[in-house]
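Hi,

Here's the model I promised to pass on. Have a look at it first, and my notes on what turned up are underneath.

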Amino acid sequence: MQYDDNTTRRTFLAVAASGAVSGGALAQQPRAKGPLVWLDMDQQGLDDAYDQMVYAPNREQVGKRRIANSDKARTVIGSPERVAYGPTDIERLDIYRTEQANAQGNAPVNIFVHGGAWRANRAADYACLAEPFVQAGAHYVILDFINVDDAGGDLFPLVEQVRRAVGFVYKNAKTFGGDPNRLYLTSHSSGSHIGGCVVTHDWRKDNLPADILKGATLGSGMYDLEPVRLSKRSKYVKFTDEMEQALSAQRHIDKLATPLILAHGTYETPEFQRQTRDFHAAVRAAGKPVELLVGEGYNHFEMLETLANPYGLLGRAVLAQMRLTAAA
């Protein structure tokens with residue numbers, strides 16, 4: 001089914017939910033486009049492009065599946081070790097250890113940064129992602145960090161805490177059998193915005209190696225905050241010129257020292273697809289290693305499920321990036 005210029009994705013989903021989808025039904029739901037705000041989008045179009053529910057109405061269903069699968073995963077691989085990486089209560093991380101680490105502590109480590117529009121979710125909600133990596137011989141670390149509402153609309157504390165957590169894992173990897181020289185990062189959604197800020201951070205300022213991360217896979221993310229600032233997300237994020245500049249990874253590719261895999265689904269919002277494509281093109285133009293993966297038929301939340309599957313699009317790619325193979 002094709003959409004005409006005056007028919008929004010929101011209209012289609014509303015009609016679809018009522019069970020009355022047809023060419024005639026859509027034709028009766030036109031919307032006049034207002035003044036352009038970003039590219040070819042008016043304000044509602046841009047707001048919709050940064051609202052996952054408009055393009056992925058099964059969010060709650062997928063979320064319930066993730067929680068249930070995480071409960072199941074903990075019965076298989078065990079509960080994580082909960083460790084503090086900073087002074088506040090939220091600055092904690094969950095370590096899921098692989099039994100394949102030897103006495104020399106040479107198992108690689110993958111760090112996951114979750115999404116949730118910078119506002120929601122906790123590390124415990126993502127245990128299902130750990131299982132294939134633990135079974136393949138890697139430790140899996142899932143971060144908790146402050147949400148933007150608790151930070152008073154400021155994104156800097158989120159980014160600073162995640163950067164601190166990555167540095168902590170590097171410094172302490174050997175204490176749980178990990179190899180600090182084989183540290184990787186994986187992220188999703190707003191977590192990939194933060195992940196972009198992590199991989200473009202100048203780690204030498206923290207007396208850490210510039211290539212502290214040997215690879216990163218950023219899924220379904222945002223890498224330039226200008227259009228996000230123009231969208232309805234500005235109602236809860238207090239964007240400033242400094243924030244937009246400092247926390248737009250695409251503007252700091254000169255500091256990038258980590259090979260990247262970037263990914264989006266074909267059923268994601270047009271802006272999340274464009275953000276990924278543009279970041280990929282910019283990194284590639286800078287001559288730095290980057291790969292683009294496109295998940296055919298996946299929406300924003302379904303893309304993350306492919307990370308929990310060692311034979312899924314992201315699971316297979318991250319295992320390969322870490323030079324691991326799926327457990328038999």
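The sheet is the easiest place to start: in this predicted model, eight strands form an open sheet in the order β3-β4-β6-β5-β7-β8-β9-β10, and the pairing is mixed. The edges are taken by β3 (81–84) and β10 (290–295); each has a single partner strand, so one side of each has no neighbour in the sheet. On average, neighbouring strands are turned by 20 degrees against each other, ignoring direction.

If you want one strand pair to click on, try β4 (residues 92–96) with β6 (residues 139–143), which run antiparallel and share four bridges. Asp94 has Ile142 in β6 as its bridge partner.

Two helices that pack on the sheet caught my eye:

- α7 touches β3, β4, β5 (107–113), β6 and β7 (178–188), and its direction makes about 155 degrees with that of β7.
- α8 (residues 190–199) touches β5, β7, β8 (215–219) and β9 (260–265), at about 140 degrees to the direction of β7.

How many of the residues of α8 are buried? It's 10 of the 10, so the helix is largely enclosed by the rest of the structure. Among those buried residues are His193, Cys197 and the glycines Gly191, Gly195 and Gly196. The cover over them includes β5, α7, β7, β8 and β9.

On to the nonpolar cores. The largest has 59 residues, and Trp118 and Leu155 are the ones with the most contacts inside it. Helix α7 (residues 156–172) gives this core its largest share, seven residues. Apart from that core there is another of 28 residues, including Tyr96, Ala138, Tyr140 and Met303.

Met303 leads to one last spot, Thr306, since a polar atom of the Thr306 side chain lies 2.7 Å from the backbone oxygen of Met303. Thr306 is in the loop between α12 (300–305) and α13 (313–321). Is Thr306 buried or exposed? Its relative accessibility is 4%, so it counts as buried, the cut-off being under 20%. Setting aside neighbours within four places in sequence, Thr306 is in contact with Tyr298, Gly312, Leu313, Leu314 and Gly315.

That's what I have for now. Shout if anything looks odd on your screen.

Cheers

Conventions
Residues numbered from 1 in each chain as written. Predicted model: local features only at pLDDT ≥ 70, side-chain atom pairs only at ≥ 80, totals over all residues. Heavy atoms only, no water. Core = buried A, V, L, I, M, F, W, Y, C linked by side-chain atoms within 4.5 Å. Buried < 20%, exposed > 50% of the residue type's maximum accessible area, 1.4 Å probe, protein only. Pairing = 2+ DSSP bridges. Axes fitted to C-alpha atoms, helices over the stretch in contact; angles between N-to-C directions. Contact = heavy atoms within 4.5 Å. Polar contact = N/O pair within 3.5 Å; in protein donor to acceptor, adjacent residues only side chain to side chain.
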